[in-house]
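Biologist: Could we go through this structure with some short questions? I would like the reasoning along with each result.

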Amino acid sequence: IDLVGRLFLSQGSSETDLSIFILLPSGLVIASLENYSPASKIGVFVKAGCRYETPDNQGVTHLLRLASNLTTKGASSFKICRGVEAVGGNLSVTSSRENMIYTVDCLRDDIDTVMEYLINVTTAPEFRAWEVSELTPRVKMDKAQAAHSTQIDVIESLHEAAYKNALCNSLYCPNHMVGNIQSGHLHQFVQNNFTSSRMALVGLGVDHTMLTQVGEQFLNIRSGAGTTGAEAQYRGGEIRLPSISSLLHSAVVSESAAAGTGEAMAFSVLQHLLGAGLHVKRGTCASSKLVQGVAKATADPFDVSAFNSSYSDSGLFGLYTISQPAAAGDVIKAALAEVKAVADGGVTAADLTRAKAQLKGQFLMSLETSEGLLETIGTQALAEGSYCSAEEVSKNIDNVSLTDVSNAAKKFVTGKKTMASSGNLIKTPFVDEI
Amino acid sequence: MMSLAARSGAFSPYMQATAVAVSGPLKALVSGVVVKGEKMLLDPKKQFLCRESLNGQSPKTGPAVTVSINGCAGVRFAHTDVRVPDFSDYRRPDVLDPNKSSQESSESRKTFSYLVTGATTVVGVYAAKTVVTQFVSSMSASADVLALSQIEIKLSDIPEGKNMTFKWRGKPLFVRHRTEKEIATEAGVNLAELRDPQHDKDRVLNPSWVIVLGVCTHLGCVPIANAGDFGGYYCPCHGSHYDASGRIRKGPAPLNLEVPFYEFPDDDTVLVG
């Protein structure tokens, strides 16, 4: 690789080097972006999130996530770990409800080595029975760490309460399946879900021809559409998790729109309109309607944010509050009142402009890191097989109108609600009381 | 049109739960987990003290979980992969309680340890010295050779005036029971006449017994007892005359007959050598 003339391109011109997506006949999507960075990143995106788990193999994606460094047909577990470490690279797997993303990053010159490991891990895992059974303590450790975070507890329970199937599956292995997922489950899940039409190969800072070659040679192995996931059915429910924590976490959501629709864009704008976290460190969240509204209802420490999550066929929109247990009811009601105010048309054009600017800012800033960029390209490749440039997305954001936003708020206010709460539930209202 | 802005936040920094094998040098740590037996003890530091510390704690979108070989070190932080065995059975009772200061017992513990070490060192040095001397002394004369080095003679077997010859260390040994007359004669000899002046009492422990090596100091022949001009020994090879004390009187020999080391363990025996 010629090191002379290497330079970092600014954000604006990064798209010019984007090799257009190649959609192979088998359905595999290959994309790469030459950003002339000395470090390369390659991701294999698979539509194999936990929504594709069936009732008899619930928790298999958790095991699969942990099994990324186990022995494969071409490389042993030791070789993978040592090989990746020797080049100073990183092999990681991220799983969300929709996708599993296998990423390797390393210096540009070492791409061949880590590429070999990546391909082995995604296409030729062996899932040896004893190695898989050794993952059980790691599963327990993962779950313990997740249980340590109340937010994860609440969000997972929220999904469990909101859906009847598919999206109700948790990212973590359920208790009854810890130790009961065997090698056969993993093999079957990979057979059914890791097919070419559900995969995308994305590279940042790699040679496109090389990537195409690898994709055609290795990732075309399993053709077919695999098992189609079930359509997610929203039901709306409630889960209350009592504990002795000194804070109460509560999430109230309703069904929103599937990702990729204009409605989903409206919900995103609404999220920022209402308030989605800090923009200034140690600031007072003056721009967040929710925070200002709740501050009038209680003087104790609290936090509130709009929650927005879109999946391929459904979505959740609502509020997430953290408050003192005694003030929980007031906080939740105050936050919901703010949303109602928006639904009733209490939004000014200035608010809307601010929200759009914040959303655009958040999106564009996420593209500034290589992880964010890779994820964006990959999820688009997987979901649509094409790439929307940042300018296009900014335009779409600008096209959201006031009515769209207030319709979205109305949909939340009138929709069947799901609620999940954790902490001292003494003053927490039930979902039918809010 | 893709509503990218609402994608499932796989990399939202808040919602990353990770479990890894090795920590990376540049990435942040998440709270560690300690495994004690089968229970997991988690870091309980979760005091939210003021409003500002709660800011930003609410999640904005659904989570994604990451596992990597070289990422945020949740596990390595607490070395949970390495199970440290419980050594309580082998520890001193003074220091078993983690809440008690170990300073009080430190004096006695140190004294005990140093004493034991010191004593072991002394014993060890002594043992080493013994072993080394045993090996080195194995190179000295063996027992059978040493057995030949001494001779025990029963004196009652030798009558007065008689000289008996014994083989000792490969050489003849003369044991002579002297008469009173011989003793008096030898004691009165003038030392100025002697080639090798030695008084008789310097050559014998008990005057009635003279014990000398029967090797002529001239050229090594064996002298004949009770012969010669001086009532002692006469060497036939070159004519050396010795007296009853074994001193040279006439002839070519330069020195008196050699007197070996001997002692009388009791009246009846003499131990030569």
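Biologist: In this predicted model, is Cys216(B) buried or exposed?

Modeller: Buried means under 20% relative accessible area. Cys216(B) has 4% relative accessibility. The value is under the cut-off, so Cys216(B) counts as buried.

Biologist: Which cysteine sulfur is closest to that of Cys216(B), and why is there no bond?

Modeller: A disulfide needs two cysteine sulfur atoms within 2.5 Å. For Cys216(B), the closest cysteine sulfur is 3.8 Å away, which is too far for a bond. That sulfur belongs to Cys235(B).

Biologist: How many disulfides does a search of the whole structure find?

Modeller: Cys221(B) and Cys237(B) form a disulfide, with their sulfur atoms 2.1 Å apart. The search covers all chains, and the number of disulfides found is one.

Biologist: How many residues apart are Cys221(B) and Cys237(B), and where are they in the chain?

Modeller: The link between Cys221(B) and Cys237(B) is left-handed, with -100 degrees about the S-S bond. The pair joins distant parts of the chain. Cys221(B) is in the loop between β9 (209-213) and β10 (224-227) of chain B, and Cys237(B) is in the loop between β11 (231-235) and β12 (240-243) of chain B. Their separation along the chain is 16 residues.

Biologist: Which accessibility class does Cys237(B) fall into?

Modeller: The class between buried and exposed runs from 20% to 50% relative accessible area. Cys221(B), at 21%, counts as partly exposed. Cys237(B) has a relative accessible area of 39%, so its class is partly exposed.

Biologist: What is the distance from the sulfur of Cys168(A) to the nearest cysteine sulfur?

Modeller: Cys168(A) is buried, with a relative accessible area of 16%. Cys168(A) is in no disulfide. The nearest cysteine sulfur is that of Cys50(A), at a distance of 9.0 Å.

Biologist: How are α11(A) and α15(A) oriented to each other?

Modeller: Helix α11 (residues 328-343) and helix α15 (residues 402-414) of chain A have axes 7 Å apart and pack at an angle of about 135 degrees. Angles over 145 degrees count as roughly antiparallel and 65 to 115 as roughly perpendicular. The angle lies in neither range, so the two helices are oblique.

Biologist: How many nonpolar residues are in the contact of α11(A) with α15(A)?

Modeller: The residues in contact include Leu336(A) and Val339(A) of α11(A), and Ala409(A) and Phe412(A) of α15(A). By class, one residue of the contact is polar and two are charged. The number of nonpolar residues is eight.

Note on methods:
Residues numbered from 1 in each chain as written. Chains lettered and ligands numbered in written order. Predicted model: local features only at pLDDT ≥ 70, side-chain atom pairs only at ≥ 80, totals over all residues. Heavy atoms only, no water. Helix = DSSP H or I, 4+ residues; strand = E, 2+ residues; numbered from the N terminus. Buried < 20%, exposed > 50% of the residue type's maximum accessible area, 1.4 Å probe, protein only. Axes fitted to C-alpha atoms, helices over the stretch in contact; angles between N-to-C directions. Parallel < 35°, antiparallel > 145°, perpendicular 65-115°, else oblique. Contact = heavy atoms within 4.5 Å. Nonpolar A, V, L, I, M, F, W, Y, C, P; charged D, E, K, R; others polar.
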